[in-house]
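I opened the model to look up a few things and write them down as I went. The entries are in the order of looking.

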Amino acid sequence: MKLQDKVCIVTGAASGIGNAIAHRYASEGGKVAIADLNIEAAQKAADEIEARFGTDAKAIVMDVTSEEQVNAGVQSVVDAWGTIDVLVSNAGIQIVNSVEQFAFSDWKKMLAIHLDGAFLTSKACLPHMYAQGSGSVIFMGSVHSKEASPLKSAYVTAKHGLLGLARVIAKEGGKKGVRSNVICPGFVRTPLVDKQIPEQAKELGISEEEVVKKIMLGQTVDGEFTTAEDIAEVALFFAAFQTNALTGQSLVASHGWYME
Ligand code: NAD
């Protein structure tokens, strides 16, 4: 068991990639806190995990853009399980539009969820990791941490920004045994992506099938979606890695869409 009794918080784990990560961590003995805006779905996910793996799982209501809710949620996990070993800052949304039509309010909402969320959850978890001299912080980046696409100005900006924050935490946390890394998935068929397909088809004036084949998967080596389970495997690798040899890094899992 690679994460036996490790206390893990995964934000946005009521759905999609975060949910798959929570299941994978529990399968390796981790205690998992499902932190999400959607408390009903988070509770359902926690119940499913407890039933499937017999490990502790709990749901926490958390809007990652609220300092108060983040701090209260992290504290509730520490009160229940004593510490924090792994943070996966994963919660995210997508809003697509061209720069000149992008509402400033949408821009701010995107940066708040992706960047403020990563900052606030890290800030709340790091003192507990420093106190015990170990911990792993994982940000959910994207191929869009490295690459740009039209219509995704706020998303690309925020996902690039996470690389910087992870590197700073890696440098600040190194001597305290805390590592920080970024996972960069290609397209994964989750509700976040399903919502984009008709939106992009409309914006770009092409069919939904073309969005999937050309825009999303056109540059992969095999025309395949990456799966949430693929990303959960990378998240397990980062969480369970034992030394500071692997910190301040980003790993792209995208069926070869982006190669570096
Ligand atoms: P999803 O829509 O399936 O799940 C996102 C979850 O985040 C939902 O449960 C939602 O309730 C929660 N959430 C949204 N706003 C929140 C907030 N303010 N506070 C707390 N929770 C909030 O999406 P997904 O595809 O699983 O995406 C998860 C992460 O992976 C995101 O950061 C996304 O940018 C990233 N990502 C996704 C893909 C993809 O193709 N799906 C690719 C690269 C990166």
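Below are my notes on the sheet, a helix, the ligand and two single residues.

**Entry 1, the sheet.** I am working with a predicted model. I began with the strands and found seven of them in an open sheet, with parallel pairing. Reading across, I wrote down the order β3-β2-β1-β4-β5-β6-β7. I then looked at the edges, which are β3 (57-61) and β7 (250-253). Each of these has a single partner strand, so one side of each is left without a neighbour in the sheet. For the twist I noted that neighbouring strands are turned by 20° against each other on average, direction ignored.

**Entry 2, the β7 edge.** I followed β7 to its partner, β6 (residues 178-185). The two strands pair in the parallel sense over four bridges. In this pair I located P185 opposite A253 of β7.

**Entry 3, the β3 side.** Here I looked up helix α3 (residues 67-81), which lies across β1 (7-11), β2 (31-36) and β3. Against β3 I noted an angle of about 155° for this helix.

**Entry 4, the ligand.** How many residues surround the ligand? I have 29 on record, and the closest are S15, D36, Y155, V188 and T190. I went on to the polar atoms. The side chain of D36 has an N or O atom 2.6 Å from an oxygen atom of the ligand. At V188 a polar backbone atom is 2.7 Å from a ligand oxygen atom. At V64 a polar backbone atom is 3.0 Å from a nitrogen atom of the ligand. On its own the ligand has 830 Å² of accessible area, and the protein covers 92% of that.

**Entry 5, Q4.** I found Q4 in the segment before β1. Is Q4 buried or exposed? I put it down as partly exposed, because its relative accessible area is 44%, between the limits of 20% and 50%. Leaving aside neighbours within four places in sequence, I found Q4 in contact with E28 and G29. I also checked Q4 against T55: they are 51 residues apart in sequence and 9.6 Å apart in space, C-alpha to C-alpha.

**Entry 6, S122.** Where is S122 found? I traced S122 to helix α4 (residues 104-132). Its relative accessible area is 2%, so I entered S122 as buried, the cut-off being under 20%. With neighbours within four places in sequence left aside, the contacts I listed for S122 are L87, V137, F139 and I169.

Notes: Residues numbered from 1 in each chain as written. Predicted model: local features only at pLDDT ≥ 70, side-chain atom pairs only at ≥ 80, totals over all residues. Heavy atoms only, no water. Pairing = 2+ DSSP bridges. Axes fitted to C-alpha atoms, helices over the stretch in contact; angles between N-to-C directions. Contact = heavy atoms within 4.5 Å. Near = heavy atom within 4 Å. Polar contact = N/O pair within 3.5 Å; in protein donor to acceptor, adjacent residues only side chain to side chain. Areas by Shrake-Rupley, 256 points an atom, 1.4 Å probe, with all protein chains shown as cover. Buried < 20%, exposed > 50% of the residue type's maximum accessible area, 1.4 Å probe, protein only.
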